Amino acid sequence: MTTETPRLDWDQFARLGADIAAWGAEYHRTLSSRPVRAPLVPGQVAGTFPLAPPEDGEGIDGILADLDDKVVPGLTHWQHPRFFAYFPANATPPSMLADFVAAILAQQGMLWQTSPAGTEIETRMMDWLRQGLGLPETFQGVIQDSASGATLAAILVMRERALDWAGNRQGLPGQARIRIYASDEVHTSVDRAIWIAGIGAENLVRIPTRGPLRAMDPDALRAQIAADRAAGYLPAGIVACVGGTGTGACDDLTQVLAIARDEGLYSHVDAAWAGAAMICPEFRDLWAGIEGADSLVLNPHKWMGVQFDFSAHFLRDPEPLVRTLAIQPEYLKTHGKDGFVNYSEWSVPLGRRFRALKLWFVLKAYGLNGLRAVMRDHVRWSQALAEDLRADPRFEIVTEPVLSLFTFGLKGADDAAMIDYVTRVNDDGRIYVTQGRTGGRIVVRFQVGTFACREEDVRLAGAVLKELAEVGLPPRTSRLRGFPPLRNP
Ligand SMILES: *Cc1c(COP(=O)(O)O)cnc(C)c1O
């Protein structure tokens with residue numbers, strides 16, 4: 001006995017695709033009435049799925065009802081207008097549509113010839129972005145899957161360059177011990193890149209910070225490099241941050257990159273979150289000196305409306321990167337100047353999605369000015385809230401706003417009371433924030449960055465933060481629990 005395998009035909013695809021678009025529009029229209037963070041316990045979502053896969057195909061008609069029942073209630077809504085946690089991960093409508101197109105075309109852009117359009121549009125979009133950011137013409141960009149991926153690639157370059165390109169060939173045993181320098185404010189993706197690159201956590205040397213932006217102390221950096229050389233280590237690179245994840249710390253790039261140059265070290269700047277805001281000229285002081293960096297990453301998938309995954313990795317000269325990562329660097333001599341760029345030679349993964357479409361659609365839809373207006377609003381609203389909380393005697397601002405990020409505490413609250421407070425705020429459901437630790441204490445980290453956010457959402461956040469600010473209140477359950485399911489279109 002044979003059974004007919006059900007196949008999705010293209011008419012059904014077109015119908016379901018339109019239904020999904022309408023369902024998606026309704027999801028976003030009703031988003032603000034939902035609790036921001038998923039109000040459920042571990043196992044609740046998995047429990048709605050059968051334990052075993054279907055033996056026979058059922059087709060996917062009716063899938064929207066399943067999405068409503070099983071998926072949406074288990075979401076933490078990153079696109080919610082009152083998402084103030086972590087950093088944003090914006091997906092704008094043009095970017096969603098571009099990703100749908102990318103899925104339909106399903107390109108594998110590892111070589112120029114495997115997707116000439118994918119490759120050439122990536123080159124052009126990265127150059128548009130370079131111009132928007134005010135980076136010098138010599139910088140060339142590549143799209144990486146994540147800032148973590150870009151940082152790993154940069155750390156591998158530091159290693160290979162310092163070892164005169166022997167690490168990939170010979171492995172690390174018997175080589176000089178490499179050292180890389182960063183402050184405590186850099187993201188944990190730097191630690192992991194150090195582990196994966198075989199350099200070892202002990203050889204990521206932390207340089208103390210100073211000043212209002214918690215910047216690496218350049219004198220301490222120089223002294224550490226000199227001491228390491230004297231002790232027989234091989235200094236290889238410096239990772240600087242602009243807009244660190246915890247509190248928005250910014251290294252002084254002019255000083256740090258001058259040291260890298262003097263010492264012959266490769267430099268990588270992690271501006272994953274803050275970098276996007278550099279399309280606004282008035283914020284560029286934060287990364288003054290950036291033109292001296294060898295490598296730089298920023299995430300349009302955070303604050304630029306280009307949804308995950310899209311990290312922009314710029315190189316002052318791609319040659320060391322390609323020399324580190326290309327299996328057969330045939331075009332090494334030209335670096336793509338003859339038009340044949342093989343972007344898989346610029347990144348750890350071989351396969352590449354058609355991600356450039358997202359930046360194209362977004363820039364075409366909003367223009368640089370449209371994006372600048374969104375970010376400027378976020379910065380203004382966030383700074384206004386910081387002032388509002390400062391004026392309330394129960395609050396203290398712990399780190400001053402860097403762009404749209406600041407941290408604050410409740411006066412007289414110890415760490416346990418601060419954690420209670422954050423839990424109370426998030427269980428309430430109207431807003432979502434994350435806690436952080438800075439200067440040895442637990443703080444609330446607040447950032448504005450969601451494209452759906454309006455000024456009244458930030459004002460409401462202020463009202464919620466004040467309403468729940470009494471120390472010692474028991475946790476409350478969400479007043480928004482039991483929200484209605486999304487209706488199928
Ligand atoms: C978010 C963030 C990262 C990690 O970004 P991914 O793209 O998720 O890897 C790295 N560095 C900083 C400063 C960040 O804010």
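## Helix α5, its crossing with α7, and the Met 278 site

In this predicted model, the axes of helix α5 (residues 147-162) and helix α7 (residues 188-196) approach within 9 Å and cross at roughly 45 degrees. The two helices are therefore oblique to each other, and their crossing is right-handed.

On the α5 side, the contact is formed by Ser 148, Thr 151, Leu 152 and Ile 155, which meet Ser 189, Val 190, Ala 193, Ile 194 and Ile 196 of α7. Classified by residue type, this contact of α5 with α7 holds six nonpolar, three polar and no charged residues.

Helix α5 itself has 16 residues, and the span from its first C-alpha to its last is 22 Å, close to the 22 Å expected at 1.5 Å a residue. Because 13 of these 16 residues are buried, α5 is largely enclosed by the rest of the structure. Just after the helix, Asp 164 adopts a positive phi of about 55 degrees.

A second site concerns Met 278, located in the loop between β7 (266-270) and β8 (295-298). Met 278 is buried, its relative accessible area being 0%. Its C-alpha atom lies 8.0 Å from that of Gly 132, although the two residues are 146 residues apart along the chain. Apart from neighbours within four places in sequence, the contacts of Met 278 are Gly 132, Leu 133, Val 242, Phe 283, Arg 284, Leu 286 and Trp 287.

The table lists the elements named above with their residue ranges.

| Element | Residues |
|---|---|
| Helix α5 | residues 147-162 |
| Helix α7 | residues 188-196 |
| β7 | residues 266-270 |
| β8 | residues 295-298 |

Definitions and conventions: Residues are numbered from 1 along each chain as its sequence is written. This is a predicted model: local features need pLDDT of at least 70, side-chain atom pairs count only at pLDDT 80 or more; totals for chains, interfaces and linings use all residues. Side-chain values use heavy atoms; hydrogens and water are left out. Axes are lines fitted to C-alpha atoms, for helices over the stretch in contact, and angles run from 0 to 180 degrees between N-to-C directions. Helices (H or I, at least four residues) and strands (E, at least two) are DSSP runs, numbered from the N terminus. Angles under 35 degrees count as roughly parallel, over 145 as roughly antiparallel, 65 to 115 as roughly perpendicular and the rest as oblique. A crossing is left-handed if the near helix is turned anticlockwise from the far one by less than a right angle, and right-handed if clockwise. Contact means heavy atoms within 4.5 Å. Ala, Val, Leu, Ile, Met, Phe, Trp, Tyr, Cys and Pro count as nonpolar, Asp, Glu, Lys and Arg as charged, and the others, Gly among them, as polar. The expected span of a helix is 1.5 Å times one less than its number of residues. Buried means under 20% relative accessible area, exposed over 50%, partly exposed in between (1.4 Å probe, protein chains only).
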